[in-house]
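Trainee: Could you take me through one small part of this chain in detail, and then show me how it fits into the rest? I'm new to reading models, so please go one step at a time.

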Amino acid sequence: MTATAQDHDDLAYNVFAKACPSRATLEHVTGRWGGLTLGALYEGSLRFNELRRRVDGVSEKMLSQTLHALERDGLVFREAQPTNPPRVDYELTPLGRQVAERLLALIHCVEGAMDDVLAARTRYDETRGAL
């Protein structure tokens, strides 16, 4: 057994096990809107509509659901200001910052490799026919 596999066996949670609660959190973090939301909030606190503009393409409903899931998982902090009209700010918790840092590393890796990805897609489509 490798050191990594051994380390994984020592963990209290196992994302590969169907019933493990860590699986739902991983889905919240790596889902289409979760990763983008965490990445956007890494830049700093944002109001709902600012966040919606930053995460281009997300609907109000999906952003609301995403924020609720991330807040429940302890990754996002929601602060409601008692003003008129009400003001709600969202920011990352310390755990959310840790997760966002790792997601941003992956995002930057993908963005940096896009020339290679696009070339691979072209080669694939030429040999197998475009979808």
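Mentor: Happy to! Let's start at Gln81, which is found in strand β2. Keep in mind as we go that what you see is a predicted model.

Is Gln81 hidden or open to its surroundings? Its relative accessible area is 27%, and Gln81 counts as partly exposed because this value falls between the 20% limit for buried and the 50% limit for exposed. Now look at what Gln81 touches. Setting aside residues up to four places away in sequence, Gln81 is in contact with Pro86, Arg87 and Asp89.

Next, step into the loop between β2 (76–81) and β3 (87–92), where you will find Pro85. Have a look at the link just before this proline. Asn84 and Pro85 are joined by a cis peptide bond, with omega at about 0°. As background, most peptide bonds are trans.

Now go back along the chain to helix α5 (residues 60–72), which holds Glu71. Glu71 is partly exposed because its relative accessibility of 32% is over the cut-off for buried and under the one for exposed. Not counting neighbours within four places in sequence, Glu71 is in contact with Val76 and Arg78. You can also compare Glu71 with Glu91: these two are 20 residues apart along the chain, and their C-alpha atoms are separated by 9.6 Å.

From here we can move on to helix α6, where Pro94 lies. Pro94 is exposed because its relative accessible area is 69%, which is over the 50% cut-off. Pick out Leu75 as well, since we will need this residue in a moment. Pro94 and Leu75 are 19 residues apart along the chain, with 7.5 Å between their C-alpha atoms.

Leu75 brings us to the pockets, as this residue is part of the lining of the largest one. The volume of that pocket is about 290 Å³. Which elements supply at least two residues each to its lining? They are α2 (21–30) and α6 (94–112). The most comes from α6, with 5 residues. Sorted by class, the lining of the largest pocket has 7 nonpolar, 3 polar and 1 charged residue. Among the lining residues you can find Val15, Ser22, Val29, Gln98 and Arg102.

Helix α6 also leads us to the second largest pocket, which holds about 230 Å³ of space. Its lining receives two or more residues from α3 (32–42) and also from α6. Including Gly35, Leu36, Arg54, Asp56, Ile107 and Glu111, the lining of this pocket is made up of 5 nonpolar, 3 polar and 4 charged residues.

Let's stop at Glu111, which lies in helix α6. Glu111 counts as exposed because its relative accessible area of 52% is over the 50% cut-off. Glu111 and Asn49 are 62 residues apart along the chain, and their C-alpha atoms are separated by 25 Å.

Finally, let's step back to the whole chain. Its secondary structure comes to 7 helices and 3 strands. Following the sequence, these elements come in the pattern α-α-α-β-α-α-β-β-α-α. Is the chain compact or spread out? Its radius of gyration is 18 Å, well over the 14 Å that the globule rule gives for 131 residues, so the chain is more spread out than a compact globule. Along the principal axes, the C-alpha atoms fill a box of roughly 60 × 40 × 25 Å.

A few totals round off the picture. Of the 131 residues, 24% count as buried. The accessible surface of the chain is about 9,400 Å², and 54% of this surface belongs to carbon and sulfur atoms. If you take the contacts between residues at least 6 apart in sequence, 41% of them join residues at least 24 apart.

For a second look, try the same route on your own. Begin at Gln81 in strand β2, pass the cis bond between Asn84 and Pro85, and carry on to Pro94 in helix α6.

Definitions and conventions
Residues are numbered from 1 along each chain as its sequence is written. This is a predicted model: local features need pLDDT of at least 70, side-chain atom pairs count only at pLDDT 80 or more; totals for chains, interfaces and linings use all residues. Side-chain values use heavy atoms; hydrogens and water are left out. On a 1 Å grid over the protein atoms alone, a cavity is a set of points where a 1.4 Å probe fits but cannot get out, and a pocket is an open set with protein on both sides within 12 Å along at least five of seven lines; lining residues have an atom within 4 Å of a point. Grid points are joined across faces, edges and corners, and a volume is the space filled by probe spheres set on the points. Helices (H or I, at least four residues) and strands (E, at least two) are DSSP runs, numbered from the N terminus. Ala, Val, Leu, Ile, Met, Phe, Trp, Tyr, Cys and Pro count as nonpolar, Asp, Glu, Lys and Arg as charged, and the others, Gly among them, as polar. The radius of gyration is taken over C-alpha atoms; the globule rule is 2.2 Å times the number of residues to the power 0.38. Buried means under 20% relative accessible area, exposed over 50%, partly exposed in between (1.4 Å probe, protein chains only). Contact means heavy atoms within 4.5 Å. Accessible areas come from the Shrake-Rupley method with a 1.4 Å probe; for residues, only the protein chains shown count as cover.
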